[in-house]
Amino acid sequence: MTKLGTILDQIDAGSMLLPEFQRGYVWNRDQVRGLMRSLYLGYPVGALLVWETEGDAQPVRGGGSTAGQKQLLLDGQQRVTTLYGLIRGQAPSFFEGDPAAFTGLRFNVEDETFQFHAPIKMKDDPRWVDVTALFGDGIGPTAQALNENPDTATRFYGEYLPRIQKLLNIANRDFHIEQITGADKTVDVVVDIFNRVNSGGTKLSKGDLALARICSEWADARPTMRRNLDRWAEGGFTFPADWLLRNTTAVATGRAPFSALENVSAGDFQHALNETLHHVDHVLYLISSRLGIDHDRVLFGRYAIPVISRHLHNVGGRFTDGAEADKALYWYVHAALRGRFAGAAETALSKDLETVDNGGIDAVIASLSRSRKGAMRIDAQDFEGAGRGARSYPLLYLLTRVRDGRDPVTGAVLGSESPSIEVHEIFPKAALVKAGYSRAEVNAIANFAFAGPASASRLSGADPAQYLASLPEAARRSQWIPDDPSLWRVERYRDFLDARRELLAQAATSLMDDLLTGRMPWTRELDAVTVVEAVPESDARAAQLGALVEEFAALGYAAPQRNSEIADDETGRVLAVAELHWERGLQPGQGNPVVLELDPDDADVPRLTELGYDVFTTVDTLRGYVQRLGEEAAGDVPGAQSDPVEFEMPADGEFEQAVFATMETCRTDLGYDPRYFREMVLQHGAVGAVRRLLASSTPSDGFVRLWEAGRLDLTVEALAVDPRFAALFGDRERHIAQRRLDSSRQDVGQPV
């Protein structure tokens with residue numbers, strides 16, 4: 001048995017580290033609270049598993065001395081990292097992740113619960129003890145604060161001091177450590193052990209397994225990859241480590257599977273990686289300077305890049321001439337647009353790598369053409385996508401950049417007056433929603449144009465029937481807006497979309513023909529611009545989604561992709577363009593991929609479920625699911641994080657009557673039945689249901705529905721701030737309710 005304090009000292013001394021193949025820190029705040037609660041209550045939290053090695057026998061993360069025996073954590077990284085961060089007040093040297101997951105933990109000496117810092121709730125309340133400060137500064141400052149406060153002084157020695165000491169004793173907690181030793185424990189054996197004991201955590205991929213062996217011979221392999229992934233991220237392109245490894249595998253072996261690296265020596269891998277970095281840099285330069293694809297959102301067809309990298313390897317690092325480079329770009333755009341690698345990417349990549357080895361760029365173009373029965377022309381259907389996750393959004397963007405799209409107001413080439421541009425909705429979203437168009441129609445790609453920031457602000461919310469006529473004709477035509485004024489009316493919106501898609505298809509086909517035939521001049525390079533993805537403040541749904549992402553981030557969950565196109569793994573068919581998509585789970589590598597799809601009628605939800613996605617069709621159900629996960633991880637009683645409030649229920653069930661009357665008004669006046677809230681009321685009671693909704697910074701689906709209908713008076717927030725029911729809710733809850741109402745009224749122009 002080893003005391004926790006000794007383990008932390010070993011980390012400080014550099015004798016306990018992580019093996020290089022370990023992935024980063026992925027715990028969220030509820031798991032941190034759950035660990036501390038278990039330790040405080042004396043519950044078992046599991047043993048640690050370490051791999052004992054000598055000197056620099058194995059590559060490690062975290063540095064430290066190369067001499068002497070080292071213990072490499074195989075199982076227990078999340079627990080040890082959490083405790084080190086809480087007790088030492090900083091992340092350990094081997095840390096990779098978000099330190100906010102364990103920053104700001106508080107312990108309540110009265111009810112013996114752990115929560116993260118909430119300024120409003122905990123302000124001027126000495127009962128909330130800063131856990132890290134307690135371990136770092138000792139008991140003195142905490143004791144002084146509690147003793148000097150008249151509300152807590154009388155209970156300090158009898159109740160609070162023993163609890164504080166019990167918390168501090170966690171540093172002396174004994175942990176059982178199982179050790180793996182012996183010369184027969186090679187990296188392959190240890191990785192197999194790791195995957196077996198880590199059944200509930202992040203599994204190592206085939207790429208990790210291959211890289212683990214290479215790292216045992218070349219310690220700088222993974223750090224070199226990370227440095228370059230960070231370099232590309234600083235330039236606006238974010239790639240996962242497996243993507244770079246796939247590129248390197250293609251260059252080194254001409255094959256797609258990571259298993260192809262089994263016979264590649266560390267020296268050959270190092271050479272292939274360095275070569276790959278040059279090839280990827282060259283491809284990104286061409287994509288950006290020739291096609292204007294200059295940031296992550298519009299970089300589609302990522303798995304086409306390994307094919308081009310392999311071709312560059314075959315021809316000595318550079319294309320034969322500009323015409324060949326443009327042919328490669330032609331193939332890249334078509335492969336991306338057709339979803340060539342959206343399904344079984346490894347299978348398609350294997351075939352294309354073999355093809356490019358045998359016949360170069362012309363061969364992969366011919367192969368793609370054959371797979372489409374010669375249909376390589378871009379048509380109006382290719383612009384039928386919705387949302388910025390659709391494949392047609394990058395096509396619209398690159399078309400606008402290459403063909404010198406002009407600012408709709410000033411007529412200047414976009415990017416020439418300002419380094420930033422914004423997406424402009426030709427028909428305002430609010431007007432389309434009011435007219436009854438579906439969400440897919442409202443978010444249609446063919447309704448997107450681009451404008452400088454000043455012009456976008458000026459045109460925001462304007463009636464196209466009025467403002468389009470005032471714009472320079474050349475500017476309108478440069479963004480393929482139909483000339484027919486009759487199409488600029490909201491009632492002709494669908495006809496407008498059809499007409500614009502035809503114009504866009506003609507322009508895109510012409511551009512692709514120029515690339516294929518070498519007619520596109522090489523006289524200039526496109527400068528990068530910044531696309532500001534401004535969200536109209538009056539868009540209740542966008543505001544709700546933004547708040548949800550922020551709430552989940554604060555809890556320690558991963559950031560999702562927004563408006564993400566999800567394709568069938570087997571066929572490449574688009575199944576959904578989800579509002580939010582956690583491709584690797586809410587916590588990377590843990591659990592199923594998660595999808596929030598608010599238009600289930602426009603998606604193939606059964607197929608998504610069949611493919612292993614956890615699909616949610618409302619924000620409320622997703623939040624409820626995450627809340628339950630958090631309660632389980634933290635060991636909370638459901639709803640325990642609400643403010644403790646002592647209240648008297650109004651006579652004759654006045655609050656319940658008001659809640660049910662409000663729901664009935666929603667049904668009769670708006671044709672809206674708040675079924676999810678009704679179920680919450682039946683399960684938790686009227687007060688309990690409202691308090692659960694106010695415990696989150698994210699507005700509920702019901703609030704958004706009533707916001708859009710202009711009936712904020714029917715929200716639970718309005719009930720919470722009603723003077724009749726003030727005693728039912730805490731200050732924090734009333735503050736959240738009032739802030740939500742005030743911001744919403746400002747957005748829709750109502751008096752505050």
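Select Tyr393 and Phe448 to start: both are buried. This is a predicted model, so keep that in mind as you click around. Their ring centres are 6.3 Å apart and the planes meet at 85 degrees, so the pair counts as edge-to-face. Now colour by secondary structure. Tyr393 sits in helix H16 (residues 392–402) and Phe448 in strand S12 (residues 448–451), so this contact ties together parts that are 55 residues apart in sequence. Add Tyr397 and Phe450 to the selection, and you have one aromatic cluster made of Tyr393, Tyr397, Phe448 and Phe450.

**The sheet under H16**

Keep S12 on screen and bring in its sheet. It is an open sheet of 3 strands in the order S12-S11-S13, and the pairing is mixed. S12 and strand S13 (530–532) are the edge strands, each pairing on one side only. From one strand to the next, the twist averages 35 degrees. Next, show strand S11 (residues 420–425) with S13: they pair in the parallel sense over 3 bridges. If you want a single spot to zoom in on, pick Glu422, which stands opposite Val532 in S13. Then turn H16 back on: the helix packs on this sheet and touches S11, S12 and S13, with its direction at about 40 degrees to that of S12.

**Another aromatic pair, and two charges over rings**

The structure holds 25 aromatic pairs, so there are others to look at. Try Phe703 and Trp707. What is the geometry of the rings of Phe703 and Trp707? Their centres lie 5.9 Å apart with planes at 65 degrees, so this pair is edge-to-face. Both residues belong to helix H28 (residues 701–708), where being 4 residues apart puts about one helical turn between them. An α-helix has 3.6 residues a turn, so residues three or four places apart point the same way. Phe703 has 2% relative accessibility and counts as buried; Trp707, at 6%, counts as buried too.

For a change of chemistry, select Arg246 and Phe258: the charged end of Arg246 sits over the ring of Phe258, 4.1 Å from its centre. Then jump to Arg290 and Trp522, where the charged end of Arg290 sits over the ring of Trp522, 3.7 Å from its centre.

**A four-stranded sheet with helices across it**

Now select 561–567 and 614–616, which are strands S14 and S17. They belong to an open sheet of 4 strands with the order S14-S15-S16-S17 and mixed pairing. S14 and S17 stand at the edges with a single partner strand each, so one side of each has no neighbour in the sheet. Neighbouring strands here are turned by 45 degrees against each other on average, direction ignored. Strand S16 (residues 594–596) runs parallel to S17, and 3 bridges join the two. Zoom in on Leu596, which stands opposite Phe616 in S17.

Add the helices next. Helix H23 (residues 540–555) lies across S14, strand S15 (574–582) and S16, at about 55 degrees to S15. Helix H25 (residues 619–634) lies across S15, S16 and S17, at about 130 degrees to S17.

**Towards the N terminus**

Select strand S5 (residues 69–75). Is S5 mostly covered or mostly exposed? Mostly covered: 6 of its 7 residues are buried. Strand S2 (residues 16–19) pairs with S5 in the parallel sense over 2 bridges, and Met16 has Gln71 as its bridge partner in S5. Strand S3 (residues 48–54) runs antiparallel to S5, joined by 6 bridges; there, Trp51 stands opposite Leu72 in S5.

Next, go to Gln90, in the loop between helix H3 (77–88) and strand S6 (105–108). Gln90 is partly exposed, with a relative accessible area of 48%. Leaving aside neighbours within four places in sequence, Gln90 is in contact with Tyr84 and Gly85. Draw a distance from the C-alpha of Gln90 to that of Thr132, and you get 9.4 Å for residues 42 apart along the chain.

Last stop: helix H6 (residues 140–148), where Thr142, Ala143 and Leu146 are buried. They cover an arc of only 95 degrees around the axis, which puts them on the same side of H6. To see what the buried residues of H6 pack against, show strand S8 (128–130), helix H5 (131–137) and helix H7 (156–168).

Methods
Residues are numbered from 1 along each chain as its sequence is written. This is a predicted model: local features need pLDDT of at least 70, side-chain atom pairs count only at pLDDT 80 or more; totals for chains, interfaces and linings use all residues. Side-chain values use heavy atoms; hydrogens and water are left out. Two strands pair if DSSP finds at least two bridges between them. Axes are lines fitted to C-alpha atoms, for helices over the stretch in contact, and angles run from 0 to 180 degrees between N-to-C directions. Contact means heavy atoms within 4.5 Å. Buried means under 20% relative accessible area, exposed over 50%, partly exposed in between (1.4 Å probe, protein chains only). The arc is that of the directions from the helix axis to the C-beta atoms. Rings of Phe, Tyr and Trp (its six-membered ring) pair if their centres lie within 6.5 Å; planes under 30 degrees apart count as stacked, over 60 as edge-to-face and the rest as tilted. A charge sits over a ring if NZ of Lys or CZ of Arg is within 6 Å of the ring centre and within 35 degrees of the ring normal.
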